[in-house]
Amino acid sequence: MQGKRNQQQDFMTLVSLESMVPTDHIVRLMEKHIDFSFIDKRTKGLYSNKGRPSVDPQVLIRMMLIGYLHGITSERHLCQEVHLNLAYRLVLWAKPGG
């Protein structure tokens with residue numbers, strides 16, 4: 001029987017980032033071996049209690065590290081890569097400490 005693509009089903013499929021990124025990918029090693037919690041402690045006094053919330057400092061540092069590891073020198077290009085690459089998203093929004 002020939003299969004047909006069901007656009008509604010494709011649209012509604014839920015996918016976990018965890019299942020999409022290989023266990024040996026560099027971002028998984030980064031998460032396993034680097035404790036990023038020190039960033040919160042070091043930057044806590046640098047942010048105001050007023051105004052709009054900033055981007056999480058851990059996310060900024062993780063992005064910079066991804067850029068360095070992958071030779072991405074442009075911030076604009078790095079933002080595009082993070083937007084497209086599921087593995088980068090996994091490490092950027094990982095829960096602290098695990």
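A contact here means heavy atoms within 4.5 Å.

**Figure 1. The whole chain, a predicted model built from helices.** Welcome to the overview: the protein has seven helices and zero strands, giving the pattern α-α-α-α-α-α-α along the sequence. Among contacts between residues at least 6 apart in sequence, 53% join residues at least 24 apart. Of the 98 residues, 22% count as buried. The accessible surface comes to about 8,300 Å², and carbon and sulfur atoms account for 56% of that surface.

**Figure 2. Helix α5 from end to end, residues 57-69.** Let us start with its length. At 1.5 Å a residue, the 13 residues of α5 should span 18 Å, and the end C-alpha atoms are indeed 18 Å apart, so the two values agree. At the start of the helix, a side-chain oxygen of Asp56 comes within 2.9 Å of the backbone nitrogen of Gln58. Just after α5, Gly71 adopts a positive phi of about 70°.

**Figure 3. The buried residues of α5 and the helices they pack against.** Pro57, Gln58, Val59, Arg62, Met63, Ile66 and Gly67 are the buried residues of this helix. Their packing partners are α3 (26-33), α4 (37-43), α6 (75-84) and α7 (86-92).

**Figure 4. A close look at Thr43 in helix α4.** Is Thr43 buried or exposed? Its relative accessibility is 16%, and buried means under 20%, so Thr43 counts as buried. A polar atom of the Thr43 side chain lies 2.7 Å from the backbone oxygen of Ile39. Helix α4, which holds Thr43, is also one of the helices that the buried residues of α5 pack against.

Notes. Residues numbered from 1 in each chain as written. Predicted model: local features only at pLDDT ≥ 70, side-chain atom pairs only at ≥ 80, totals over all residues. Heavy atoms only, no water. Helix = DSSP H or I, 4+ residues; strand = E, 2+ residues; numbered from the N terminus. Expected span 1.5 Å × (residues − 1). Buried < 20%, exposed > 50% of the residue type's maximum accessible area, 1.4 Å probe, protein only. Polar contact = N/O pair within 3.5 Å; in protein donor to acceptor, adjacent residues only side chain to side chain. Areas by Shrake-Rupley, 256 points an atom, 1.4 Å probe, with all protein chains shown as cover.
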